[in-house]
Structures are given as C-alpha cells and as structure tokens.
Amino acid sequence: MFSSVDYIHMSHALQLAHKGLYSTSPNPRVGCVITQHDKMIASGWHERTGQPHAEINALNSAIEDVRGATAYITLEPCSHHGHTPPCTDALIRAGVGKVIIAMQDPNPKVSGQGIAQLQQAGITVESGLLETEAQQLNPGFISRMTRKKSWVRLKIAASLDGKTALNNGQSQWITGEAAQRDGHRWRARSCAVLTGIGTLMQDDPKLTVRHVTTTRQPKKIVIDKELDIPLDAKLLQGEEVLIFTTNAKKIEKITALNVLGAHVIVSPDMGGNVDLVGMMHKLAELEINELLVEAGSGINGALINAGLVDELVLFLAPHLLGDIAQGMSKLPELTGLDQKHLLDIHDVRMIGRDIRVIARCHKP
C-alpha cells in the first residue's frame, strides 16, 4: 500500500514531530512534510500550544505551489476550532491532492472527522503509515483522550540490587552524571513531576529541568496527606505546584500556600491516604499528558498496586547496597508467584556507567 518513498517522508515527519517533545503539551507532538512529485517542498511541526499546528507551519514554508501535492502528517488533521482554526480547512484551501496520515486522532472531537472532511473535499486520504512510531511519540495524549488518565511513568535510580537509598536515607548520588542528565530529559518531556512529602522533607528537591534546554518547566505535584509541606520548600519557588492532601482543617496553611501560588486540592480520605485514582482523574482534567513520578518506595508501591503505573524508567548503578538499604517500592507481601507484577521490557541500554531499563506494566 505504501511505497519506500512514503516511508522516507513519514519518517522525516516523525523526526520533525520529535522537535516538539519538550514544548507542545498538552497538545500532541505532530510533524508534517509536503511533497510534489516525491520531492519535499515544505515541512513543519507543532511547536507550542496556541501556536500554528504542523500543517500550517508546513504550508507557510512551501517553496512552490502545493496544489495536487501529497502531505505526510503524523496525526490526523484537526477539524474543529480550538486555540487555532481547523487544519483540514487550510489543507483544502491549499488544494492538496493527497494526505497520508500515520495515526487517527484519539481526541473524540476529531477522531475520523478530519479524514471525512478531507475526503468530502475530494482529497485522497490514506492512514496507518508508521502508526506504531507515531503512537509512541504521544503516549500521554493518547492515554488522556482514550482513558481519561495521564500516562504515569515512574523514574527510579537504584543500585544493581534494587536499592534506592541507604537505611539512613542517604541517596545522592546513586547514579552517575550521564544518568542524571538523562533523567532531566524525562522531566523535560513531562507535563508534571510528582513526589511525596517524605521525599520532599528528606531531599527538598526543586523538581526543575536543569540539564537540558527547554522553553517550559513541568508543573510540580506533591502528595502530602497531612499538609506538612514547609512554606520555604524549594519547589514552591517558581513553577505551578499542586498539593493533594486529605487535611482540610489547616485553613491558615492552605491560605499561606495559596499566597505562594500553590493550589491545594483536598482529596477524599482513602484509609488515611490520598485517593490516588481520583487524583489521576483530576490530573487528566488539568490536561496532564505525561506524569513523571520521582517519589519514595511508599508512593511507588501504592501506584503500582493500584494499577495506575504505565511505565518504569529504571537507572541501575553498577554497585550493591545490601538488603537493609531502602527498596524501590513497598508492595504487599505476595503469597504466590502468580501474584507478581508483570512487566514488558521495551528498551535496555547503557547511560554512562549505568544501565537504563524502560519497562511497561503488562496489560493482558
């Protein structure tokens, strides 16, 4: 169905889409290439929310007439008015003759409608070219649109025997500089970074992106059931902070946090803990596509046990810390191996002297 030339141009469109990895949220990352007689005459990608989409940037860059041309787009063109006008209208006005799409838009406002509008205008539409690659570029957007849930990714730095800190709490630095820089790339692509009050009290992290260039910082989220967060915590300085708590009685503390720019969200009390499922629904409503969790073993275990984790990014350092050191996740004791949490390994590579493993929670 698709030629080798088609694969080349769609691969280029995916590379362009990747340029928006750190900047497009909550919108998807999209790239577009326009060709005339198999020669590229225009290209573009979506750079930031509220700015022109990939198709518009490509059309504006055309070096010759695009009438009758073929457009390769990594995601079905939008057919509704959002922050910008519909891209389908622009493609139709430009006189494009054919559109090849990597994947259909999971957004119910668009799904299938963009294709239908193009076809009604007499434009030939084909879809499914490098679909898997396009899906891998936007796991959070797809998850939010289809499951009403952010894509939840745990980032854990540990020794080779799976320990994240000494028994006395010392944890900096288990992994090397290369792994730390790579960790900041995962922060940069995320809409928000989540931690717990335990990690905050122990490490006082900023949770900002510092080792890679980015035009935006992710939101910060803290699970703090008793609302113990100090008002001078480093992560309260600067970017937006959401604090999930079960304690609605600390009115003065809530007011002080609001003055500092934090948004306190009182969650239903689930056996003395924040309602994690409800929290995830709220984050999806707030248009959080990809959520990076950098927390302790308690929150890691609770999220895994609740079935809320989609992916783990594990940085394993080449040393051993011993049994008494702190582990990756606190999970209930298993009484049979049939109860184990299954993972699918997606990638294993060296990052400096450390091993990086990307695994996804197995979905039957």
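This passage walks through the overall build of a predicted protein model and then visits three of its residues.

The overall picture comes first. The protein chain is made up of 11 helices and 18 strands. With 364 residues, the chain has a radius of gyration of 23 Å, close to the 21 Å given by the globule rule, so it is as compact as a globular protein of that length. Measured out along the principal axes, the box filled by the C-alpha atoms is roughly 65 × 45 × 40 Å. Burial applies to 52% of the 364 residues. Contacts also reach along the chain: among those between residues at least 6 apart in sequence, 70% join residues at least 24 apart.

The surface and the charges complete this overview. About 17,000 Å² of the protein chain is exposed, and carbon and sulfur atoms supply 51% of that area. The chain carries 37 positive and 38 negative charges, and the mean positions of these two sets are 3 Å apart.

A good place to begin a closer look is glutamate 55, which sits in helix H2, spanning residues 54-60. This glutamate is buried yet has no salt bridge. The nearest side chain of opposite charge belongs to arginine 93, 12 Å away, whereas a salt bridge calls for a side-chain nitrogen within 4 Å of a carboxyl oxygen. Who, then, are the neighbours of glutamate 55? Leaving aside residues within four places in sequence, glutamate 55 is in contact with Cys32, Ile73, Leu75, Pro77, Cys78, Cys87 and Leu91.Next comes phenylalanine 141, part of helix H6, which covers residues 139-147. Its relative accessibility is 6%, so phenylalanine 141 counts as buried. Not counting residues up to four places away in sequence, phenylalanine 141 touches Pro26, Asn27, Pro28, Asp105, Pro106, Asn107 and Asn289. Cysteine 191 lies 50 residues from phenylalanine 141 in sequence, and the two are 11 Å apart in space, C-alpha to C-alpha.

The last stop is glycine 307, found in the loop that runs between helix H11 (297-305) and strand E15 (311-317). Here the relative accessibility is 45%, and glycine 307 therefore counts as partly exposed. Along the chain, glycine 307 and lysine 363 are 56 residues apart, while 9.8 Å separates their C-alpha atoms.

How values were computed:
Residues numbered from 1 in each chain as written. Predicted model: local features only at pLDDT ≥ 70, side-chain atom pairs only at ≥ 80, totals over all residues. Heavy atoms only, no water. Helix = DSSP H or I, 4+ residues; strand = E, 2+ residues; numbered from the N terminus. Rg over C-alpha atoms; globule rule 2.2 N^0.38 Å. Buried < 20%, exposed > 50% of the residue type's maximum accessible area, 1.4 Å probe, protein only. Contact = heavy atoms within 4.5 Å. Areas by Shrake-Rupley, 256 points an atom, 1.4 Å probe, with all protein chains shown as cover. Lys, Arg positive; Asp, Glu negative; His and termini not counted. Charge placed at Lys NZ, Arg CZ, Asp CG, Glu CD.
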